[in-house]
Amino acid sequence: MKDEITREERVDNLKGMGCSRKRVEDARFTQGKGNYVDDLKLDGMLFGDFVRTPYAHARIVSINTEEALKVPGVLAVLTAADLEPLGLHWMPTLAGDKQMVLADGKVLFQGQEVAFVVAEDRFAAADGIELVEVEYEELPVIVDPFEALQSDVVLREDLVAEDGSIPDGAHGPRKHPNHIFTWEAGDKEPTEQVINEAEVVAEESMYYHRTHPCPLETCGCVASMDKVNGKLTLWGTFQAPHAIRTVVSLISGIEEHNIRVISPDIGGGFGNKVGAYPGYVCSVVASIVTGKPVKWIEDRMDNLMTTAFARDYHMTGKIAATKEGKITGLQCHVTADHGGFDACADPTKFPAGFMNICTGSYDIPTAFLEVDGVYTNKAPGGVSYRCSFRVTEAVYFIERMIEVLAIKLNMDAAELRRINFIRKEQFPYTAALGWEYDSGDYHTAWDKALKAVDYDGLRAEQAQRVEAFKAGKTRKLMGIGLSFFTEIVGAGPVKNCDILGLGMFDSCEIRIHPTGSAIARLGTISQGQGHATTFAQILASEIGLPADSITIEEGDTDTAPYGLGTYGSRSTPVAGAATAMAGRKIRAKAQMIAAYLLEVHDNDVEFDVDRFVVKGAPEQFKTMKEIAFAAYNQAIPGIEPGLEAVSYYDPPNMTYPFGAYVCVMDIDVDTGVPEIRRFYALDDCGTRINPMIIEGQVHGGLTEALAVALGQEIAYDDMGNCKTGTLMDFFLPTAWEVPNYETDFTVTPSPHHPIGAKGVGESPHVGGVPCFSNAVQDAFRPFGNTHTNMPHDHWRIWKTANDLGLHG
Amino acid sequence: MIPAAFEYYRPKDMAGVLSLLEEHGDDARVMAGGHSLIPMMKLRMADVPHLIDLQDVGGMSEISVGADGIRIGAMVTQSDIIDHEALAAAAPILREAALQIADPQVRYMGTVGGNVANGDPGNDMPGLMQCLDATFTLVGADGSRDVPARDFYEAAYMTAREDDEVLTAVSLAAPTGGYAYEKQKRKIGDYATAAAAVQITREGDTCTSASIAMTNLSDTPIFSEAAGAALVGTALDDGALTAASAAMLGDIDPTEDNRGPVAFKRHVAGVILRRAIERAWSRA
Ligand SMILES: Cc1cc2nc3c(=O)[nH]c(=O)nc-3n(C[C@H](O)[C@H](O)[C@H](O)COP(=O)(O)OP(=O)(O)OC[C@H]3O[C@@H](n4cnc5c(N)ncnc54)[C@H](O)[C@@H]3O)c2cc1C
């Protein structure tokens, strides 16, 4: 047989790995045809919404629902007293703590859920909420975790024994009623010794402020209990639908096969949609009580003020080095503000997430990390906002410590990084705090980045600018922000990664249709990452069918195989690997079929792009399309009909993407206004599946990094009032505030991943925050600045200048 | 974010509006573009049992630029201002300022009348109109009256307008000389951290008149007569700029908010004013 098209054209037709295939999702998203949970309308559907406390810490004296129930359309008002008989007035958190579903005697943060008003529509619910009368008795408010650890005010009476003693928490002993855990990694004494004996030690305290992932779509759900067949269907904005199913089953007692969880289109998650919220529980209960579907959708203020926040880490570090700048040891202490309940979404064994990646990209022989979790009167959460578990905090910490050390050594910070990088030949590299980095080539990436931006030229220009400033010729300073980050993503190996006891593997199930198209289902769920596009590309390359002929489906627990969902840049490292492995099972069976059809031995055929060919005789072949048809329609001795495969992938290790970022910023000293002149981002995410999607992820992640570094925060006053509950004050950058990003890459595949891919969604955020922050700090370095805290909004930048005496 | 229940009216003429206002008194409010009022209602900070939409009333959407001055109907949107060439030629500061208000979507809806009648110290047009010495025309049951912008603002959300009056137009003499509207904000769509409106005339190197108003630095816009006076007769040397700035700082009274503490706002107000004066001077 003669081919009409070349091999290259056959490769192109697949639109497989490495192709900038256009996102298949965009046709519906750009036409407003997405299907989000709030688009769902069911017959007789009711609407529930919360009465929330205006006080951050108060006892509930009484709740009177009489007037609310008189509002036309209001059907019921649930309080903790109604949930208690079902055992649902509290629920477990992902962090081993428990959380009130509805205020049980007291409230612990402003906006906490007090009562759930169920009405025929959301307007009646809103009017009902106004009329629920709650009498509060105010209690002293604690918003500072250091104060919490000294205070006599007990936030969580439920965690203190009757004799006043403090029982252990989920992560061991607690030293104060408001203390949650102490978590340690590394070696304390050896690290202290290194620091005590070091030639140079730099110290710094820094606060990584509280912020919020703020996805465009807020959280919400629709619960529908079918009393006839006993089945509960729960649609919602879930980043981990299977985990939600299991949790709902465990806390409600409904058997898991009677629960169907569906995540429809999700408008961004960034960690905010991993955990379980009182709205889910109340909607389920309300549906069981009323026998009707019940919808709950947060508004923007609910989302910002009450659902999972991120960061809020007070970090203190010591970094030891030789006079030449070789780092010898690192110590880090964190006081972590977790709010009123510990609702962090971390793997069980890691109450501070992967904060122990804080030795960063450097060969640091000795290190010690200690984290204290603390309760305060703030909203619970502590999720990973576009980063793998607490990696943003870790990378910010080390990338600031490097800068602080460079100042102490009077050294160039780029050079200091270079002499301390883990060298290429050291991989796989076991870090002092335990992780085994899979692969990396940091020096190559660094050199490429510095060359691309003409680093030496930038430094020369900066020196001139400082002179001009001192001579009164300009009021603008120039900052060069550097960051080199190593991410740790793809959680994770079941041997050390679980959430609530659920192992963090992931899965893919493939069915090839007789005519040579396919459907693949995964345990993950896209929230904008473009899974339907990229996973089809992985499969296209693995099984030789065009990506355009492969449907990717996620998010329906009745059809998708069990998986732990999408967050922490885990989809490609884990489910992507499962996809490749399932594809290889398909290919193995296809090989046997091809050999039969070609009348040769199995080993005499080999895979070639979209077909199996007879070795040495490429004109004799069977395409995958032909093989698919034969699989179903031809009796082949010894081979079952059909062409399907499933793979559950338990990754042998995490993956370690890395990157080198440079930001050039001009700062108006008099107004505090920063202007980003240039931002260069080199990412190494291993094998690149779709360069266009990678670029999009980098742009998005950098924009969220810019937001966090330059102004985005959840701030409280002393009374625990949230000061940034609307988008008027919570900084969400628009196209206007965003600079032009230059993206670049190197490729260092992961040696243990089937296709060598490492994940990229979160890298730009993780690496971007310290880069923007370092640029601000670097601008003031010539005037004596060592560190100032984020967010670097106008007034704080102005204050830095003012404190340094730059306003004359 | 759902407002309390309200009655919605859409009268076809001013008589209809006025009779509704008379009937419902305090319980009624007119709505122009709704981009200040509706958010307040959704937050349940404004309780408006009777909402009177002005969109169908007519006669308030014209911009006229003539020898006798400029007249801008209350329902003219911020976007109309930006697009109007004759207006931009006659009073370019209006376009410069309007381009710094909110974002394009808001500017399609937000009106001049709503912006100046609202009484929110964050609105940019009140200070702008004070700088331009504009006059607001108010129509009520007893007929119409004119109030100078410089006498209109009493406190946050408190103005010289009576509850049963509608603001129908803004009139001003075409400004002469150089102009600048300078605004510092945290992001697009944000109200000012500090903003300055400046109109200035010169003869040779001497400043012959200067009008200065500041935004979001007190509970009302601040027309700083003293700041303008400090410039007149000078060559706008550093001393004059410093004097103008000092005079302005004597007139404003900012409060701390998420944009920053008082010391920062006062400093930025001085910087912004200086820049506005310099730019206006260079255009005079
Ligand atoms: C995201 C966002 C950002 C914004 N940023 C800015 C900004 O940077 N600068 C700025 O100046 N504004 C800003 N605004 C406000 C915007 O410009 C408003 O549209 C404007 O302030 C009010 O105009 P309106 O036509 O929408 O008035 P409405 O909201 O309809 O009315 C506002 C008030 O004025 C009263 N009113 C309206 N018209 C009349 C009338 N003819 N007679 C008597 N009373 C009347 C109403 O009763 C109401 O009390 C912003 C708004 C939004 C939503």
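What follows walks through a predicted model, from the overall build of chain A to the ligand site on chain B.

Chain A comes out as a mix of 20 helices and 33 strands. Its C-alpha trace spans about 85 × 75 × 50 Å along the principal axes. For a chain of 808 residues, a compact globule would have a radius of gyration near 28 Å, and chain A, at 28 Å, agrees with that. Some 58% of the 808 residues count as buried. Contacts reach well along the sequence, too: of those in chain A with a separation of 6 or more, 79% pair residues 24 or more positions apart.

The domain assignment cuts chain A into pieces that are not continuous in sequence: domain 1 takes 7–34 + 506–649, domain 2 takes 37–141 + 218–266 + 273–306, and domain 3 takes 309–490 + 654–803. The centres of domain 1 and domain 3 of chain A, taken over C-alpha atoms, sit 38 Å apart. The two domains do meet, with 23 residues of domain 1 of chain A in contact with 23 residues of domain 3 of chain A. On the domain 1 side, helix 15 (531–543) and helix 16 (571–598) of chain A each bring at least two residues. Helix 16 of chain A gives the most, with seven residues. By class, this side of domain 1 divides into nine nonpolar, eleven polar and three charged residues.

A few backbone details in chain A deserve a look. A cis peptide bond, with omega about -25°, joins A:Ala491 and A:Gly492, and A:Gly492 belongs to the loop between strand 21 (476–486) and strand 22 (498–499) of chain A. Another cis bond runs from A:Met790 to A:Pro791, with omega near -10°; here A:Pro791 falls in the loop between helix 19 (763–780) and helix 20 of chain A. Then there is A:Asn410, a residue other than glycine with a positive phi, near 55°. A:Asn410 is placed in the loop between helix 11 (391–409) and helix 12 (413–420) of chain A, and it counts as exposed because it has 6 C-beta neighbours inside 10 Å.

Turning to the contact between the chains, chain A puts in 24 residues and chain B 17 residues. On the chain A side, the elements giving two or more residues are helix 5 (122–131) and helix 20 (794–803). That side of chain A has nine nonpolar, six polar and nine charged residues.

The ligand is surrounded by 30 residues, the closest being B:Gly33, B:His35, B:Ala102, B:Gly110 and B:Gly114. Domain 1 (7–53) and domain 2 (63–172) of chain B both give residues to this shell, so the ligand site lies between them. Strand 2 (28–31), helix 2 (37–42), helix 6 (104–109), helix 7 (112–118) and strand 10 (166–172) of chain B each supply at least two residues. Helix 7 of chain B has the largest share, five residues. In terms of class, the shell has 16 nonpolar, twelve polar and two charged residues.

Chain B also has a backbone detail of its own. B:Arg44 is found in the loop between helix 2 and strand 3 (50–53) of chain B, and its phi is positive, near 55°, in a residue other than glycine. With 13 C-beta neighbours inside 10 Å, B:Arg44 counts as partly exposed.

Methods. Residues numbered from 1 in each chain as written. Chains lettered and ligands numbered in written order. Predicted model: local features only at pLDDT ≥ 70, side-chain atom pairs only at ≥ 80, totals over all residues. Near = placed C-beta within 6 Å. Helix = DSSP H or I, 4+ residues; strand = E, 2+ residues; numbered from the N terminus. Nonpolar A, V, L, I, M, F, W, Y, C, P; charged D, E, K, R; others polar. Domains from an automatic or database assignment. Rg over C-alpha atoms; globule rule 2.2 N^0.38 Å. Buried ≥ 20, exposed ≤ 12 C-beta atoms within 10 Å, placed from the backbone. Contact = placed C-beta atoms within 7 Å.
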